[in-house]
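Subject: Structure handover

Hello,

Here is the structure you are taking over. Please open it alongside this email and follow the notes in order.

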Amino acid sequence: MNGPRRIGQSVPDVAGKVLGKRGLAFGALITDWPSIVGQQLSLRTAPDKLSFPRGKREEATLHIRAMGAIALELQHLEPQIIERINGFFGYRAVARIKLIHAALPSAPSPVVRPRALTMDEEIGITATTAAVEDEELRATLERFGRSLMARPKRSPPPRG
């Protein structure tokens, strides 16, 4: 069928290409990592991979990148981190954590406090994602939209 498609039909195709085998759950984990584990821990760790058992979409192993002494701290915090991740997803998505002793993918960016969204922005996000039938996908897209909208506006580079 040619012609316009509903956004809810297009998003899985686009998101699937972007996130590959990692899936939407991993995308949500990346975008919300600071709110899940806390700002300080998120500056020194990064989710690397979410491995589900064959044929299942729960009880995954979360691979986390960490360097040096933070790895020991993560071992002690593993039960709390798993609890927070599963609370975030609303089901037992992660059963265990595997630490990867490696540098973070990129240098941590400075802490920037997101601004509060206006009522019009909130309504716009909700209206834009309303057609998405999958609840998990819609919630993930709304969180992603809010995170983009809440970024402080950058001024254009100087000319000349």
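A place to begin is Phe88, which is partly exposed, because its relative accessibility is 23% and the buried class ends under 20%. Keep in mind throughout that this is a predicted model.

The aromatic residues

Phe88 belongs to an aromatic cluster together with Phe89 and Tyr91. Searching the whole structure gives 2 aromatic pairs. In one of them, the ring centres of Phe88 and Phe89 are 5.1 Å apart and the ring planes stand at 75°, so this pair is edge-to-face. The pair of Phe89 and Tyr91 is tilted, with 6.3 Å from centre to centre and 55° between the planes.

Are Phe89 and Tyr91 buried or exposed, or partly exposed? Phe89 is buried, at a relative accessible area of 16%. Tyr91 is partly exposed, and its relative accessible area is 29%.

Another ring to look at is that of Phe52. The charged end of Arg57 sits over this ring, at 4.2 Å from the ring centre.

The chain as a whole

The protein chain has 7 helices and 3 strands. Read from the N terminus, the order of these elements is α-α-α-α-β-β-α-β-α-α. The chain has 160 residues, and 32% of these count as buried. Consider next the contacts between residues with a separation of 6 or more: 61% of them join residues that are 24 or more positions apart.

The sheet

How are the strands arranged? The 3 strands make an open sheet, ordered β1-β2-β3, and the pairing is mixed. At the edges are β1 (45-51) and β3, each of which pairs on one side only. On average, neighbouring strands in the sheet are turned by 25° against each other, with direction ignored.

The mixed pairing can be followed strand by strand. β1 and β2 run antiparallel and are joined by 6 bridges. Pro47 has Ile64 in β2 as its bridge partner. β2 and β3, in turn, pair in the parallel sense, over 7 bridges. Here Leu62 has Ile97 in β3 as its bridge partner.

Why is β2 described as largely enclosed by the rest of the structure? The reason is that 6 of the 7 residues of β2 are buried.

Helix α5 lies across β1, β2 and β3, and its direction is at about 150° to that of β3.

The nonpolar core

The largest nonpolar core holds 24 residues, and Leu29, Leu62 and Ile85 are the members that touch the most others in it. Several elements supply at least two residues each: α2 (23-31), α3 (33-37), β2 (60-66), α5 (70-89) and β3 (94-101). Which of the elements gives the most to this core? It is α5, with 7 residues.

To see how this looks around a single residue, select Ile85. Leaving out residues up to four places away in sequence, Ile85 touches Leu29, Trp33, Ile36, Leu62 and Val94. Leu29 and Leu62 thus appear again, as they are also among the core members that touch the most others.

Around α6

The last region is around Ala116, which is located in the loop between β3 and α6 (119-129). Ala116 is exposed, because its relative accessible area is 67% and the exposed class begins over 50%. What distance separates Ala116 from Ala150 in space? Their C-alpha atoms are 6.3 Å apart, although the two residues are 34 residues apart in sequence.

Ala116 is also in contact with Glu121, a residue of helix α6. Glu121 is buried, because its relative accessibility is 17% and that is under the 20% limit. Not counting residues up to four places away in sequence, Glu121 touches Arg115, Ala116 and Met149.

If you want a short order for a second look, use this one:

- the cluster of Phe88, Phe89 and Tyr91;
- the open sheet in the order β1-β2-β3;
- α5, lying across the three strands β1, β2 and β3;
- Ile85 and the residues it touches, including Trp33 and Val94;
- Ala116 in its loop, and Glu121 in α6.

Regards

Definitions and conventions
Residues numbered from 1 in each chain as written. Predicted model: local features only at pLDDT ≥ 70, side-chain atom pairs only at ≥ 80, totals over all residues. Heavy atoms only, no water. Core = buried A, V, L, I, M, F, W, Y, C linked by side-chain atoms within 4.5 Å. Buried < 20%, exposed > 50% of the residue type's maximum accessible area, 1.4 Å probe, protein only. Helix = DSSP H or I, 4+ residues; strand = E, 2+ residues; numbered from the N terminus. Contact = heavy atoms within 4.5 Å. Pairing = 2+ DSSP bridges. Axes fitted to C-alpha atoms, helices over the stretch in contact; angles between N-to-C directions. Phe/Tyr/Trp six-rings, centres within 6.5 Å; stacked < 30°, edge-to-face > 60°. Lys NZ or Arg CZ within 6 Å of the ring centre and 35° of its normal.
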